[in-house]
Every structure is written in C-alpha cells, then in structure tokens.
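I opened this model to look up a few local features. My notes follow in the order I took them.

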Amino acid sequence: MLSRRLPAPDGGEPSERSAGASPTMLGRSPVMLDLYDKVAQAASGTGPVLIVGESGTGKGLVARALHTRGTRASQPFVSLNCAAMPDLLVESALFGHVRGAFPAAVTDRAGLFVEARGGTLFLDNVTELSDALQAKLLRALQEREVCPLGAASAVSVDTRIVAAASGDLDRDIASGQFRQDLFYRLAVFHIRVPPLRDRPQDIPLLVEHFVHGASTRVGRDVTISAGAIARLRQLSWPGNVRELENVIERLVASARNHVVDAADIVVDGAPSPSAGAHPFADMPTLDELERRYLVYALQRFAGNRTRTAAALGIDRRTLYRMSARLGVPITGAELQGANGAAHL
C-alpha cells in the first residue's frame with residue numbers, strides 16, 4: 001500500500017518540469033486510505049488518468065504521486081495549467097511549433113508532449129480547453145502522435161497523460177462543454193480526491209504539518225492549542241486543504257505569542273462587507289458594481305472560466321470581452337490582486 005505521505009509537485013506556474021523532493025499529501029481517514037489504494041492501482045498502469053475534485057483538494061499532489069510511484073518515475077514529469085493561457089499558447093505549449101507558425105514563433109519549439117516523452121504530462125484544468133483543443137488532444141491520445149503548429153508531419157510520442165478537472169464534470173459533459181469521447185479516453189483510471197469536509201479527522205495532522213512549515217519560514221517556534229484545532233475542525237473549508245494551509249500560514253505569521261488559540265481564529269471565507277454593511281453603501285457606479293461581481297465570481301470558482309461564465313449566464317467569449325472592458329484579469333496571481341476591490 002502507498003505511504004500515508006504522497007509526493008507531489010509544486011504548483012503555481014502555468015507549466016512545470018519537476019524533479020527531486022516535493023510537497024506531501026497527508027491523511028489517515030478512510031477516504032484517504034481509499035485514495036491511496038486507487039493511486040497505487042493506477043500508478044502501476046500506463047493508461048491515462050483523470051483526477052477530479054474540488055479546487056484546493058490536492059489534485060496536483062495525486063498526479064505527482066502517480067508519476068513517482070509508477071514505472072516512469074525516472075523520466076520527466078511535466079505539467080501545464082490549461083486555464084492559464086490563451087488557446088494559441090496552450091496549443092503551442094502542448095504540441096510545439098515550427099519557426100514562423102505565428103508571429104511570435106521565432107524559433108522551433110518542441111511541445112510538452114515531446115518534452116515529457118517516456119514520462120508523464122499532467123494537464124490541470126483540462127475542462128478549460130476549447131472545443132478545438134479538446135479535439136486535438138483526443139486525436140493525440142488516439143494516434144499517439146502530435147503535429148507541431150506549422151509542421152508538415154506528425155511526431156510519435158510515448159507520454160502518459162494525467163488530467164485533472166474541478167467542478168461538475170457530469171454537467172460539463174451534458175452541456176457539451178466537455179467532450180464525452182475525450183472523457184472516456186482520459187478516464188481509463190478515474191480518481192476522485194475527497195474534499196476536506198469529508199475528512200475532518202485529518203485536520204490535526206494537516207495543521208501540525210502546516211504549522212511546522214510556517215514556523216520554520218518565520219523563524220520562530222509557534223504551536224497551536226487543542227482548542228484552536230477543535231475550532232478549525234468545525235469550519236467547512238470551501239477552499240479545502242489549500243485554504244487551511246493559507247489560514248495556518250497567516251495565523252503563524254501574525255501570532256502575538258508562541259501559541260495560537262481558538263480566539264485567534266477568524267475565518268470568514270470569501271470577501272464580504274463588515275457586519276451590517278450594505279454592499280452598495282459606497283454607491284458604486286454600475287461599471288464598478290459589475291467589476292466587483294466579476295472579481296467575486298472568478299474568485300468563487302477559483303479562476304475557472306467555464307464555471308464563471310455559466311454562473312453569470314454568458315458564454316466564454318462574452319466573459320473575455322467583459323474582462324477586457326472592466327480591466328479584470330481572468331486567471332493567476334493578478335486575479336488575487338484584484339481581491340481588494342471585490343466587496344460584494
């Protein structure tokens with residue numbers, strides 16, 4: 001059986017090439033033991049894997065574990081955030097391009113399929129791919145070859161694909177936003193990562209791990225009381241393990257003494273006005289009100305453009321136009337920077 005600590009990749013960059021030590025996934029709850037078993041089964045195979053779970057549950061950690069526990073562990077592990085770039089750049093990143101294929105293509109470039117040859121290519125937020133890119137990905141999986149942009153011939157690849165998706169995948173398939181044939185091709189192994197609310201008994205172990213790391217970073221020994229841990233177990237954690245880690249980081253950094261107690265824990269979730277305040281109290285213009293709502297929706301769905309557009313009742317093209325008109329970045333760290341203006 002797998003260790004209770006699963007190796008995993010560092011996150012944050014649109015694409016990543018990883019080697020060596022990496023973060024771990026922790027848990028001893030029944031749902032985590034079941035997850036370890038499924039990862040062990042899938043790691044021994046070579047077929048594609050589809051990992052599903054809410055934002056912040058650790059899908060990237062599972063992807064890394066599948067690679068390091070499998071027969072391709074000595075080969076490259078390469079990842080791409082499919083939601084982080086425009087379609088042309090995603091296509092170029094995946095399949096490569098030849099010089100002159102588009103204005104910015106000043107040299108030939110091997111795509112990530114080729115860079116990960118013999119190893120694993122992790123496609124995070126795979127449901128964010130456009131219809132055209134979904135079709136090209138499906139063909140690459142079926143034919144085991146890719147054709148770089150502007151090239152006259154295809155290149156054979158032996159790359160294991162691990163993909164991850166957040167949100168309601170069944171709804172995305174039923175609505176036609178995600179191809180059912182691509183789903184079947186990816187889900188040779190289908191792994192669900194449980195949300196933190198389904199494993200509250202793992203919170204003390206996670207807190208201990210995060211407190212130790214945060215204490216090391218701030219250069220002082222901080223502990224957390226039993227009452228504080230009990231308080232943390234009572235919360236719903238819509239942002240899952242990532243939210244818990246961020247909260248612990250903040251608590252340790254702002255601790256006035258060496259012990260974090262229950263009274264120190266204030267977790268409000270999404271940005272909201274102060275108690276009793278009306279969201280329109282500052283009389284924003286309609287454009288400002290629309291901008292705040294767009295920022296709120298993007299943060300509510302962790303930058304997932306498809307889910308944000310669906311919640312707003314618009315298509316993705318309209319979302320892009322709305323983003324440009326209001327000056328709101330759609331993904332990445334810039335979106336987090338827009339947080340201060342979202343008061344709804």
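**Entry 1: helix H2 and the ground rules**

I listed the buried residues of H2 and got Lys59, Leu61, Val62, Ala63, Arg64, Ala65, Leu66 and His67. Buried here means under 20% relative accessible area, exposed means over 50%, and partly exposed lies in between (1.4 Å probe, protein chains only). H2 runs over residues 59–68, and eight of its ten residues are buried, so I noted the helix as mostly covered. Helices (H or I, at least four residues) and strands (E, at least two) are DSSP runs, numbered from the N terminus.

This is a predicted model: local features need pLDDT of at least 70 and side-chain atom pairs count only at pLDDT 80 or more, while totals for chains, interfaces and linings use all residues. Residues are numbered from 1 along each chain as its sequence is written, and side-chain values use heavy atoms, with hydrogens and water left out.

**Entry 2: the whole chain**

I took the totals next. The protein chain has 14 helices and 14 strands. It has 344 residues, and 46% of them count as buried. I then checked contacts, meaning heavy atoms within 4.5 Å. Among contacts with a separation of 6 or more, 74% join residues 24 or more positions apart. The exposed area of the protein chain is about 16800 Å², and carbon and sulfur atoms supply 52% of it. Accessible areas come from the Shrake-Rupley method with a 1.4 Å probe; for residues, only the protein chains shown count as cover.

**Entry 3: the cavity**

How many cavities of 30 Å³ or more does the structure hold? I found one. The volume of the largest cavity is about 60 Å³. On a 1 Å grid over the protein atoms alone, a cavity is a set of points where a 1.4 Å probe fits but cannot get out; lining residues have an atom within 4 Å of a point. Grid points are joined across faces, edges and corners, and a volume is the space filled by probe spheres set on the points.

I read off the lining: Ala43, Gly45, Thr46, Leu66, His67, Gly70, Thr71, Arg72, Thr120, Arg160 and Val162. H2 and strand S11 (160–165) each supply at least two of these residues. By class, I noted three nonpolar, six polar and two charged residues. Ala, Val, Leu, Ile, Met, Phe, Trp, Tyr, Cys and Pro count as nonpolar, Asp, Glu, Lys and Arg as charged, and the others, Gly among them, as polar.

**Entry 4: the second largest pocket**

A pocket is an open set with protein on both sides within 12 Å along at least five of seven lines. The second largest one holds about 400 Å³ of space. Its lining has 19 residues, and Ser130, Asp131, Asp315, Arg316 and Arg317 lie nearest the centre. Helices H5 (131–143), H12 (305–312) and H13 (316–326) are the elements that give two or more residues to this lining. I noted its classes as six nonpolar, six polar and seven charged.

**Entry 5: helix H9**

I moved to H9, residues 226–234, where Ala228, Ile229 and Leu232 are buried. Seen down the axis of H9, these buried residues fall within an arc of 100 degrees, so they line one face of the helix. The arc is that of the directions from the helix axis to the C-beta atoms. On the face turned away from the buried side, I found the exposed residues Ala226 and Gln234. Cover for the buried residues includes helix H8 (203–218), strand S13 (223–224), helix H10 (240–254) and strand S14 (259–260).

**Entry 6: single residues**

Asn125 is not a glycine, yet its phi is positive, about 55 degrees. Asn125 sits in the loop between strand S8 (120–124) and H5, and counts as buried at 16% relative accessibility. Asn240 also has a positive phi, near 60 degrees. I placed Asn240 in helix H10, buried at 0% relative accessibility.

Which residues does Leu123 contact, leaving aside neighbours within four places in sequence? I got Leu80, Cys82, Leu94, Leu137, Ile161, Val162, Ala163 and Ala164. Leu123 is in strand S8 and is buried at 0% relative accessibility. Leu123 and Ser79 are 44 residues apart in sequence but 5.9 Å apart in space, C-alpha to C-alpha.
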